[in-house]
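Student: Please take a close look at a single part of this structure with me, and explain each term as you come to it. I am new to it and would like one connected account.

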Amino acid sequence: MDVSLENLFLVDYLTGAHAKLRKVFGDVHLENRSTGIRLFLITFLSIHSNLSAWIMLYKLGLFIQAQVILRTVLESYADLVNLSKDEHYADILQYSVAKKQLNSITQLRDNHNASILSDSEKATSFRSIVNDCEAKGIKGISVKGKFERAGLAEYYVSVYSHWSSFVHNDYTGTLFDCHKTDCSLVSIPHYKSIDHNMNFAQMIIVAEVLKDSASLMVTNVGEYDISAYEMFTADCNAIIAHLTEVYPKIQRKNTSKRPD
């Protein structure tokens with residue numbers, strides 16, 4: 001099976017399904033929402049804005065860059081699942097973000113002796129959120145904790161931490177399972193070849209996130225175009241059914257001749 005052609009075929013179908021979301025949720029607005037629902041909607045928008053970028057990069061053949069974008073999508077998806085399951089998660093998420101931003105502002109102030117930063121409107125807002133949350137006994141959450149809380153530990157173990165290695169230029173992430181410096185994986189010519197099987201794995205995850213995040217929107221927000229949603233889910237089901245059929249036929253490249 002020519003996996004590269006299979007990938008191109010599938011990404012076109014994903015593009016069509018993704019485009020239907022504008023019609024499905026076109027009338028949803030942020031105004032007059034509770035904090036939890038506002039965060040839920042913002043997180044959903046973040047997921048699908050990044051999925052648009054993933055599709056564009058994938059079509060251009062920039063697969064490594066697409067992996068980095070998908071890393072961001074998966075973390076946002078873990079947040080979306082947690083927001084839908086736990087009404088208190090909105091406070092945890094706000095605290096984690098505010099604490100991180102306040103720490104960054106403090107470091108800027110200390111490193112550049114710019115006291116004005118500590119008095120900025122943003123700093124005041126972040127400090128207020130942090131103080132309120134700490135008074136309630138709310139604590140932050142790690143990235144791994146987000147995935148575990150959402151019941152998505154397999155995403156973190158199998159893909160998120162791996163792609164994080166690429167983002168941070170981690171040696172082990174670059175070399176995959178190669179442990180010798182003379183491994184062919186580090187040779188320049190190797191990067192002329194593309195592992196379309198790994199790219200196929202990205203496709204499976206995108207199809208799952210695309211369908212499941214929309215389902216969470218329907219359940220938690222409840223405002224959507226029913227006919228458009230039915231067409232969208234039909235597209236997603238067809239893609240996932242095809243992926244399920246094709247996946248057993250996909251084999252990773254033979255690495256038996258590579259030193260390990």
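Tutor: What follows starts with the whole protein, turns to helix H5, and then moves out to the pocket and to a few single residues.

This is a predicted model, in which local features need pLDDT of at least 70 and side-chain atom pairs count only at pLDDT 80 or more, while totals for chains, interfaces and linings use all residues. Residues are numbered from 1 along each chain as its sequence is written, and side-chain values use heavy atoms, with hydrogens and water left out.

The protein has 10 helices and 0 strands, where helices (H or I, at least four residues) and strands (E, at least two) are DSSP runs numbered from the N terminus. Of its 260 residues, 40% are buried; buried means under 20% relative accessible area, exposed means over 50%, and partly exposed lies in between, with a 1.4 Å probe and protein chains only. Among the contacts with a separation of 6 or more, 79% join residues 24 or more positions apart, a contact being heavy atoms within 4.5 Å.

Helix H5 covers residues 121-135, and its 15 residues reach 21 Å from the first C-alpha to the last, close to the 21 Å expected at 1.5 Å a residue; the expected span is 1.5 Å times one less than the number of residues. Which residues of H5 are buried? They are Ala123, Phe126, Val130 and Cys133, and they cover an arc of only 105° around the axis, which puts them on the same side of H5. The arc is that of the directions from the helix axis to the C-beta atoms. As background, an α-helix has 3.6 residues a turn, so residues three or four places apart point the same way. The face of H5 turned away from this buried side carries the exposed residues Glu121 and Ala135.

Toward the end of the helix, Glu134 also belongs to H5 and counts as partly exposed because its relative accessibility is 38%. Not counting residues up to four places away in sequence, Glu134 touches Tyr95 and Lys99. Glu134 and Tyr95 are 39 residues apart in sequence, yet their C-alpha atoms are 8.3 Å apart in space. Just after H5, Gly137 takes a positive phi of about 80°.

H5 also has a part in the largest pocket, whose space is about 710 Å³. On a 1 Å grid over the protein atoms alone, a pocket is an open set of points with protein on both sides within 12 Å along at least five of seven lines, unlike a cavity, where a 1.4 Å probe fits but cannot get out; lining residues have an atom within 4 Å of a point. Grid points are joined across faces, edges and corners, and the volume is the space filled by probe spheres set on the points. The pocket is lined by 24 residues, and Glu75, Asp79, Leu93, Val97 and Lys146 lie nearest its centre. Two or more lining residues come from each of H2, helix H3 (63-85), helix H4 (89-112), H5 and helix H6 (143-149), with H4 giving the largest share, 7 residues. By class, the lining has 10 nonpolar, 9 polar and 5 charged residues, where Ala, Val, Leu, Ile, Met, Phe, Trp, Tyr, Cys and Pro count as nonpolar, Asp, Glu, Lys and Arg as charged, and the others, Gly among them, as polar.

H2, another contributor to the lining, spans residues 35-59, and its 25 residues reach 36 Å from first C-alpha to last, close to the 36 Å expected. After H2 comes Gly61, with a positive phi near 80°. In the loop between H1 and H2 lies Asn32, whose phi near 55° is a positive value in a residue other than glycine. Most residues other than glycine have a negative phi. Asn32 counts as exposed because its relative accessibility is 83%.

Helix H1 (residues 3-24) holds Leu21, which counts as buried because its relative accessibility is 8%. Leaving aside neighbours within four places in sequence, Leu21 is in contact with Gly26, His48, Leu210, Ala214 and Phe232. Leu21 and Ala214 are 193 residues apart in sequence and 8.0 Å apart in space, C-alpha to C-alpha.
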